[in-house]
Amino acid sequence: MNKIVYILLALFMMSCNSGHYNSVRINGLKYGEFYEDLLFISPSIGLLGGYEDKHTYHWDSIRPKGFQNFDAICLRTIDGGKNWEKQKMDDGIVNGFTIKDGIIYASIQKSDSTYVSKTVIYTSNDQGKNWKKKCELDTLLVRLHVIDSNWIIGNTYGKLNETRDGGNTWNELKTNNFVWNEFYAEGYVYYFSDNNDGIFKTIVRRDLDSGHEREMPIPDNCEGTAGSGDIIFCRNNEELRVYEIDDDFKFSYLYSFKKGGYMSAQFIGRHNEQIY
C-alpha cells in the first residue's frame, strides 16, 4: 500500500482578499519514506526531500544507531507533481532546500553511532538533476537561507548561524529570543516567539545588516505556523489564515482555509503569485 502525500497549492491575487487553491496528490511513496521539505522551482518542476530507512530488521535484531541507517533522498517532478523520480543524495536526511540565482542548495543531516550531528550542504546547477558537495559543518543546521554563494544562514538548535566565506567558518548571530520556524524576506529574517508558553503568538523581524529586532503580535489572536518571504500562515481552532507582511511590518489578510479539523502549514514556497 502506498503512502499518499497532498501538496496544497494556493493561488492568490495579492491585490484582493479572494483566492482559490487545489491539491496535488503524490502517488508512489512507500512506507519507510519520510519527507522534510518541499521546493517548487516553477509550477512544473518541484523537489521533495527527506529520507528512507535502508535497513530491514527482524523483531529480535539490534538496530544500528545514527543516521547512517538512512538514505537521504530527493524526489523530483517535472510535471507539476503527477510523477516523481527518486534519487539518493547521500546517507542521512535531506532537511531543507532553497534556491538563489538559479542554484539549488540542499542541507543533509548526518550522524554517527553516537548521534553527533553534522550538516553537509549540496548544490545543483541543473534544477535538481545532479548535486555537488559545497561544504560541511560539525553541527546540525536547518532551514538554509542563501544571500549569495558565500553568505549562508541557518538554524542551529534555536540559534542563527551564518557563514560569509562559503562555509569555511561559521558564527552565531545573537538574537533576543529562541528562534522558531524562521523565514526570510529581502533584508530581514522573521521568526516566531512563544514567550516561554509554547504558543507562537509573537513574530520577530530582524534586520540582517544592523541586527535590530522588532516584535509584533500575530493578528486575530492566531498562532504562527510557518512563513516564506512576505507571507505568513497562522491558525486558530477553526481555520488556517494567510497574511502578507508589508515593509512597515503590518499585516494584510489574504485568505483562509476551512477544511475541518486542526490545520497547519509546514512546507511553504512561492513562485511569482503562486504559493505552495
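**Figure 1. Lys 174 and Glu 172 form a salt bridge.** We begin this tour of a predicted model with a pair of charged side chains. The closest N and O atoms of Lys 174 and Glu 172 are 3.8 Å apart. Lys 174 is exposed, with a relative accessible area of 63%. Its partner Glu 172 counts as partly exposed, at 40% relative accessibility.

**Figure 2. Glu 136 pairs with Lys 133 in a salt bridge.** Here the closest N and O atoms lie 2.4 Å apart. Both residues can be looked up by their accessibility: Glu 136 has a value of 30% and counts as partly exposed, while Lys 133 is partly exposed with a relative accessible area of 46%.

**Figure 3. A salt bridge joins the side chains of Asp 90 and Lys 110.** The N to O distance in this pair is 2.9 Å. Asp 90 belongs to strand β6 (residues 85–91) and Lys 110 to strand β8 (residues 103–111), so the salt bridge ties together parts that are 20 residues apart in sequence. Are these two residues buried or exposed? Asp 90 is buried, with a relative accessible area of 16%. Lys 110 is buried as well, and its relative accessible area is 16%. Each value falls under 20%, and that is why each residue is called buried.

**Figure 4. Asp 71, Lys 88 and Asp 91 are linked by salt bridges.** In this view, look for three residues rather than a pair: Asp 71, Lys 88 and Asp 91 make up a network. To place this view and the earlier ones in context, the structure holds 13 salt bridges.

**Figure 5. Thr 77 is a buried residue in strand β5.** The strand covers residues 70–77, and Thr 77 has a relative accessibility of 0%. What does the side chain of Thr 77 make a polar contact with? The partner is the side chain of Asp 79, at 2.8 Å. A polar atom of the Thr 77 side chain also lies 2.8 Å from the backbone oxygen of Asn 83.

**Figure 6. Thr 77 has contacts beyond its sequence neighbours.** This last view stays with Thr 77 and leaves aside the residues within four places of it in sequence. Which residues are then in contact with Thr 77? On one side of the sequence you will find Phe 40, Ser 44, Ile 45 and Gly 46. Lys 82, Asn 83 and Trp 84 complete the list. Asn 83 may be familiar from the previous view, where its backbone oxygen lies 2.8 Å from a polar side-chain atom of Thr 77.

Key
Residues are numbered from 1 along each chain as its sequence is written. This is a predicted model: local features need pLDDT of at least 70, side-chain atom pairs count only at pLDDT 80 or more; totals for chains, interfaces and linings use all residues. Side-chain values use heavy atoms; hydrogens and water are left out. A salt bridge is a side-chain nitrogen of Lys or Arg within 4 Å of a carboxyl oxygen of Asp or Glu. Helices (H or I, at least four residues) and strands (E, at least two) are DSSP runs, numbered from the N terminus. Buried means under 20% relative accessible area, exposed over 50%, partly exposed in between (1.4 Å probe, protein chains only). A polar contact is a pair of N or O atoms within 3.5 Å; within protein, one must be able to donate a hydrogen and the other to accept it, and residues adjacent in sequence count only if both atoms are side-chain atoms. Contact means heavy atoms within 4.5 Å.
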